[in-house]
Amino acid sequence: MNRKSSGTEIERLIALLARLPGLGHRSARKAALTLLKRRADLLEPLAAALSEAAAKIVECQTCGNIDTVTPCTICQDPRRDQALIVVVEEIGDLWALERAGVVGALYHVLGGHLSPLDGIGPDRLNIARLVERAVPPVKEVLLALNATVEGQSTAHYITEQLQGGGIAVTRLAQGVPIGGELDYLDEGTLAAAIKSRRAM
Ligand SMILES: [Zn+2]
């Protein structure tokens, strides 16, 4: 018979925390213990923030970003360059570019990359909406996708879809790690990669 050392609620909390990236069961137990010990200054504010996020955060129907409004704050910002859309795989990439403050344009989040082996075809990504958006005043679509085989085949697919529409399609300078590694790039490297972008 399995002996349990804690109640169902605590086990459930640990099991849920263990599903977060970078947290195994051991770290999840530590995190749960910290939360339960610091009820007033950590557990309760975190629970409130989580339930508020679950209630208010929505996906932007224009670009695929997340925000409390749709279209999102970025899509609604008239000071941004309305002629350039920077395409990224994940919201984390958008956040990294925003933190570096090197873009100042609009974004489009695909929600991943093409991966036929995993059954991820174009219909599973936010590509159709990108094609709809790629009309004047938009002049250029910059593909800031992963430097992986999947990222590059996704870039080629999108280039084909946008062909003949009179929109310039560009990509970042070669050799720049993008995507998961974008977070590790300094502002100068990102700015240089964007400045030295080239045609697909
Ligand atoms: Zn948006």
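Accessible area here means what the Shrake-Rupley method gives with a 1.4 Å probe. On that footing, the chain's accessible surface comes to about 12300 Å², and carbon and sulfur atoms account for 55% of that surface. Keep in mind as you look around that this is a predicted model.

Let's start with the whole chain. Its C-alpha atoms fill a box of roughly 65 × 40 × 35 Å, taken along the principal axes. There are 200 residues in the chain, and 38% of them are buried. As for charge, you'll find 22 positive and 23 negative side chains, with the centres of the two sets 7 Å apart.

Now trace the chain from its N terminus. In secondary structure you get 7 helices and 7 strands. The order is α-α-α-β-β-β-α-β-α-β-α-β-α-β, so to speak a run of three helices, then three strands, then helices and strands taking turns. What about contacts between parts of the sequence that sit well apart? Take the contacts between residues at least 6 apart in sequence: 55% of them join residues at least 24 apart.

Back at the helices of that opening run, have a look at H2 and H3. Helix H2 covers residues 25-37 and helix H3 covers residues 39-56. How do you describe such a pair? Two packed helices are described by the angle between their axes and the distance between the axes. For H2 and H3, the angle is about 115° and the axes are 6 Å apart. Angles of 65 to 115 degrees count as roughly perpendicular, which is why H2 is roughly perpendicular to H3. On the H2 side, the contact is made by Thr34, Leu35, Leu36 and Lys37; on the H3 side, Arg39, Leu42, Leu43 and Leu46 do the job.

Next, move along to helix H6, residues 149-162, where you'll find Thr159. Is Thr159 buried or exposed? The cut-off for buried is under 20% relative accessible area, and Thr159 has 14% relative accessibility, so Thr159 counts as buried. Leaving aside residues up to four places away in sequence, Thr159 touches Leu143, Val169 and Met200.

Finally, try Ala192 in helix H7, which spans residues 187-195. Partly exposed means in between under 20% and over 50%; with 41% relative accessibility, Ala192 therefore counts as partly exposed. Ala192 and Ala173 are 19 residues apart along the chain, and 8.1 Å separates their C-alpha atoms.

Methods. Residues are numbered from 1 along each chain as its sequence is written. This is a predicted model: local features need pLDDT of at least 70, side-chain atom pairs count only at pLDDT 80 or more; totals for chains, interfaces and linings use all residues. Side-chain values use heavy atoms; hydrogens and water are left out. Helices (H or I, at least four residues) and strands (E, at least two) are DSSP runs, numbered from the N terminus. Buried means under 20% relative accessible area, exposed over 50%, partly exposed in between (1.4 Å probe, protein chains only). Contact means heavy atoms within 4.5 Å. Lys and Arg count as positive and Asp and Glu as negative; His and the chain ends are not counted. The place of a charge is taken as NZ of Lys, CZ of Arg, CG of Asp or CD of Glu. Axes are lines fitted to C-alpha atoms, for helices over the stretch in contact, and angles run from 0 to 180 degrees between N-to-C directions. Angles under 35 degrees count as roughly parallel, over 145 as roughly antiparallel, 65 to 115 as roughly perpendicular and the rest as oblique.
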